[in-house]
Amino acid sequence: MPTISAVRQVALSAGRDLDATLAFWHDVLGMTVHVRFDPPGIAFIMAGDVRLLFTDGLPAGTVYLDISGLDDFHASAKAAGVPFTAPPMLVYRDTEGLFGPAGESEWMAFLKDPAGNTIGLVERHPPEQP
């Protein structure tokens, strides 16, 4: 049986306006287009080793991205008029170390791009010191 070792690519909707979707990912999230093919009107952004494919004809999806400085990013993006569907909040305290070092907490905030894709921004915080 083969072994799956990593996520290679995530497909997301480009909506009706690939340019607006890519501009959002660049201007708001600071990510750049790796390659674009016109036609057919698809583009790729690299998130580490994972390709994000943007194309039309797909329903909106969800992608979770690691971020550092989540609170600062949220404050500056919100001040710039970027709408969030949920502000930074504690979603999980990893007491057993199931997803990283034991005791870390996982915080997330959510927003949507122009194509309706949900973006979860994830930051892990070290254990609180007594």
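**Exercise 1. In which loop is G103 found, and what surrounds it there?**

Solution. The model is a predicted one, and in it G103 is found in the loop between β6 (84-94) and β7. The next step is to ask how accessible this glycine is: its relative accessibility is 24%, and since buried means under 20% and exposed means over 50%, G103 counts as partly exposed. Setting aside residues up to four places away in sequence, G103 touches D94, T95, P126 and P127. A distance completes the picture, for G103 and H125 are 22 residues apart in sequence, while their C-alpha atoms are 8.9 Å apart in space.

**Exercise 2. Describe the overall make-up of the protein, beginning with its helices and strands.**

Solution. Begin with the count, which gives two helices and eight strands. Next, place these elements in order along the sequence, where they follow the pattern β-α-β-β-β-β-α-β-β-β. Then consider the extent of the protein: its C-alpha atoms fill a box of roughly 55 × 50 × 20 Å, taken along the principal axes. Of the 130 residues in the protein, 38% are buried. Finally, among contacts between residues at least 6 apart in sequence, 49% join residues at least 24 apart.

**Exercise 3. Work out how the open sheet of four strands is ordered, and which strands stand at its edges.**

Solution. The order of the four strands is β1-β4-β3-β2, and their pairing is mixed. β1 (9-13) and β2 (33-37) stand at the edges with a single partner strand each, so one side of each has no neighbour in the sheet. From one strand to the next, the twist averages 20°. Looking now at one pair in detail, β2 and β3 are joined in the antiparallel sense over four bridges, and F37 stands opposite I42 in β3. The loop between β2 and β3 holds P39 and also P40. A cis peptide bond joins D38 and P39, with omega at about -10°, and another cis peptide bond, with omega at about 15°, joins P39 and P40.

**Exercise 4. Which residues of α1 are buried, and how are they arranged about the helix axis?**

Solution. The buried residues of α1 are L18, T21, L22, F24 and W25. Seen down the axis of α1, these residues fall within an arc of 155°, so they line one face of the helix. This fits the general geometry, because an α-helix has 3.6 residues a turn, so residues three or four places apart point the same way. At the start of α1, a side-chain oxygen of D17 comes to within 3.2 Å of the backbone nitrogen of D19.

**Exercise 5. Identify the residues with the most contacts inside the largest nonpolar core, and trace which elements supply that core.**

Solution. The largest nonpolar core has 25 residues, and W25, L29, F54, I119 and L121 have the most contacts inside it. At least two residues of this core come from each of α1 (18-27), β3 (42-47), β4 (50-55), β5 (62-66), α2 (70-79), β7 (104-112) and β8 (118-125). The largest share, four residues, is supplied by α1. To follow one member, take L121: leaving aside neighbours within four places in sequence, its contacts are L29, L65, I67, L70, F73, F84, W107, M108, A109 and L111.

**Exercise 6. Are the serines S13 and S105 buried or exposed, and what do their side chains contact?**

Solution. Take S13 first, which is found in strand β1. At 4% relative accessibility S13 counts as buried, and a polar atom of its side chain lies 2.9 Å from the backbone nitrogen of G15. Beyond its neighbours within four places in sequence, S13 is in contact with T21, F54, T55, L58, P59, A60, A115 and N117.

Now turn to S105, which lies in strand β7. S105 is buried, with a relative accessible area of 5%, and its side chain makes a polar contact of 3.1 Å with the side chain of W107. When neighbours within four places in sequence are left aside, the contacts of S105 are L90, Y92, R93, E123, R124 and H125.

How values were computed. Residues are numbered from 1 along each chain as its sequence is written. This is a predicted model: local features need pLDDT of at least 70, side-chain atom pairs count only at pLDDT 80 or more; totals for chains, interfaces and linings use all residues. Side-chain values use heavy atoms; hydrogens and water are left out. A nonpolar core is a set of buried Ala, Val, Leu, Ile, Met, Phe, Trp, Tyr and Cys residues joined through side-chain atoms within 4.5 Å. Buried means under 20% relative accessible area, exposed over 50%, partly exposed in between (1.4 Å probe, protein chains only). Contact means heavy atoms within 4.5 Å. A polar contact is a pair of N or O atoms within 3.5 Å; within protein, one must be able to donate a hydrogen and the other to accept it, and residues adjacent in sequence count only if both atoms are side-chain atoms. The arc is that of the directions from the helix axis to the C-beta atoms. Two strands pair if DSSP finds at least two bridges between them. Axes are lines fitted to C-alpha atoms, for helices over the stretch in contact, and angles run from 0 to 180 degrees between N-to-C directions.
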